[in-house]
Amino acid sequence: MVDIKACIFDLDGVVVDTAKYHYLAWKRLANELGFEFHDNDNERLKGISRLDSLNILLEIGKVTLSINRKEELAVLKNQWYLEYIAKMKPDEILPGVKEFIEELKDSGIKIGLGSASKNAVLILNQLGIVHLFETIVDGTKVTNAKPNPEIFLLAARELNVNPAQSVVFEDAEAGIEAAIRGGFRNVGVGNPKILSKADIVLPNFIGVTKDKFFSLIN
Ligand code: BG6
Ligand code: MG
């Protein structure tokens, strides 16, 4: 019998399609610094913190900078990212995920958000879905970024559930790794080749109901 008390959702790439905006902003920064940043390298930046992402980008461009300069560039990238976010509409919530979360909530399952983003609350407010989450653990609340499990462990603690009774939904390899290290059940959302360590992988949430999900995770 399935004994699931909570579901913890990543934000970027699971609830909303912001990955393309992160990519555009990083690409613009790379171009300003005089190198190209391609789509195939973008996967490495998913799920991890802003500064960790910047370090990978600079490694790709073979650029070495002081920590002060890095902090300035992280602020600049975020300003560009926020320009995209400001134009985002509720139709950019990924198909089926809101209905799925509502169905889980109606059946008494606790819902949390576990995101590396420092913009999570802003994005959820903009999309009008902040009320869906009983707890929101984001990049402003933790010191250790994914693949460290701190984000998900704190969410489970705030929801008063055990990791083994909770399911993490993630689109990033680093996020699935964090869920595994924390002892959570986990669902990869997206490409099964990238998310091969996940318990199960769903291509997206279209047509995913609570019953269908329970039959898969069991
Ligand atoms: C994660 C994204 O959710 O948040 C990463 O997958 C991003 O790509 C990270 O770098 C930090 O986000 P933000 O909004 O704080 O820059
Ligand atoms: Mg993500």
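This report looks at a predicted model of a protein chain with a ligand, and at where that ligand sits.

## Two domains

Let's start with the layout of the chain. The domain assignment splits it into domain 1 (6–16 + 90–217) and domain 2 (19–85). Notice that domain 1 is written as two stretches of numbers, 6–16 and 90–217. The two domains touch each other: 14 residues from domain 1 and 14 residues from domain 2 take part in the contact. Their C-alpha centres, meanwhile, are 24 Å apart.

## Where the ligand sits

Now for ligand 1. Look for the largest pocket, and you'll find ligand 1 sitting in it. Why does ligand 1 lie between the two domains? Domain 1 and domain 2 both give residues to the shell around ligand 1, so that puts it between them.

## Who surrounds it

There are 15 residues around ligand 1, and D12, R50, S117, K118 and N119 come nearest. What's the mix in this shell? Four of its residues are nonpolar, seven are polar and four are charged.

## Polar contacts and cover

Zoom in on the oxygen atoms of ligand 1 and try picking out some partners. One polar backbone atom, from I48, is 3.0 Å from a ligand oxygen. L45 also uses its backbone: an N or O atom there lies 3.1 Å from an oxygen atom of ligand 1. With S53 it is the side chain that takes part, with a polar atom 3.3 Å from an oxygen atom of the ligand.

How much of ligand 1 does the protein bury? On its own, ligand 1 would expose 400 Å², and the protein buries 97% of that.

Key:
Residues are numbered from 1 along each chain as its sequence is written. Chains are lettered from A and ligands numbered from 1 in the order in which they are written. This is a predicted model: local features need pLDDT of at least 70, side-chain atom pairs count only at pLDDT 80 or more; totals for chains, interfaces and linings use all residues. Side-chain values use heavy atoms; hydrogens and water are left out. A residue is near a molecule or strand if one of its heavy atoms lies within 4 Å of it. A polar contact is a pair of N or O atoms within 3.5 Å; within protein, one must be able to donate a hydrogen and the other to accept it, and residues adjacent in sequence count only if both atoms are side-chain atoms. Accessible areas come from the Shrake-Rupley method with a 1.4 Å probe; for residues, only the protein chains shown count as cover. On a 1 Å grid over the protein atoms alone, a cavity is a set of points where a 1.4 Å probe fits but cannot get out, and a pocket is an open set with protein on both sides within 12 Å along at least five of seven lines; lining residues have an atom within 4 Å of a point. A molecule sits in a cavity or pocket if more than half of its atoms lie within 2 Å of its grid points. Ala, Val, Leu, Ile, Met, Phe, Trp, Tyr, Cys and Pro count as nonpolar, Asp, Glu, Lys and Arg as charged, and the others, Gly among them, as polar. Domain bounds come from an automatic or database domain assignment. Contact means heavy atoms within 4.5 Å.
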